[in-house]
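Could you walk me through the charged pairs in this model, one selection at a time? I have it open in my viewer and would like to know what to click next.

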Amino acid sequence: MLSTVPTMESLECDWDCSQLFSTIQSVGPARSGSASSEPNQTHSNSGLDESNLKLSIIEERKRRRMMSNRESARRSRMRKQKHLENLRNLVNRLRIENRELTSRLGFLLYHCHRVRTDNDSLRSEYTVLRQKLSDIQQILLFKQLQQFSSTWPYNNVPVMSEQTPPPLII
């Protein structure tokens with residue numbers, strides 16, 4: 001049987017023909033022919049070569065597109081990984097900031113409680129001191145009244161409040 005498709009060994013060319021004829025060899029079984037059908041075979045070989053060349057170009061485009069897609073997917077994964085790493089860093093920074101703020105809040109609440117306790121204590125002390133001052137003022141006023149009453153010219157006259165009230169008759 002004669003093969004209608006030339007093999008790589010039978011071709012002599014300066015460029016790589018392996019991609020062009022890789023699909024040609026898998027197209028179908030080789031045909032046998034006679035001397036009378038050889039002019040048709042050369043015509044059909046050029047048709048096969050053109051269709052195989054088109055198939056080869058399509059496969060090359062597919063291969064390039066696949067490689068481009070793989071590269072794009074790799075870049076996408078890298079961006080996603082970088083984004084996740086940035087989010088992890090942000091989470092860690094926010095956790096640290098949250099701990100610091102919680103600590104500061106606890107410190108401020110503690111001091112606020114101390115200030116309120118001190119304020120309550122001072123208010124109680126203020127109330128006690130205010131009462132003492134009022135008592136002292138009353139004592140001073142009473143002493144001034146006593147001094148004033150001792151110097152009063154009508155000191156001999158009994159005061160009504162000191163007398164016993166008259167008995168009531170019923």
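Here is a short tour of salt bridges, with a stop at each set of partners.

Before you start, note that this is a predicted model: local features need pLDDT of at least 70, side-chain atom pairs count only at pLDDT 80 or more, and totals for chains, interfaces and linings use all residues. Residues are numbered from 1 along each chain as its sequence is written, and side-chain values use heavy atoms, with hydrogens and water left out.

A search of the whole structure finds five salt bridges (a side-chain nitrogen of Lys or Arg within 4 Å of a carboxyl oxygen of Asp or Glu).

**Stop 1.** Select helix α2, residues 38–150 (helices are DSSP runs of H or I, at least four residues, numbered from the N terminus).

**Stop 2.** Now pick Glu60, which is buried at 17% relative accessible area (buried means under 20%, exposed over 50%, partly exposed in between, with a 1.4 Å probe and protein chains only). Add Arg63, three residues away in helix α2; the closest N and O atoms of this salt bridge are 2.4 Å apart. Arg63 is partly exposed, at 38%.

**Stop 3.** Keep Glu60 and add Arg64, four residues away, about one turn of the helix. Their salt bridge spans 3.2 Å, N to O, and Arg64 is exposed at 53%.

**Stop 4.** Move along to Glu71 and Arg74, three residues apart in helix α2, with closest N and O atoms 2.5 Å apart in their salt bridge. Glu71 is partly exposed at 30%, as is Arg74 at 39%. To finish, reselect Glu60, Arg63 and Arg64: salt bridges with shared partners join these residues into one network.

How values were computed: Helix = DSSP H or I, 4+ residues; strand = E, 2+ residues; numbered from the N terminus.
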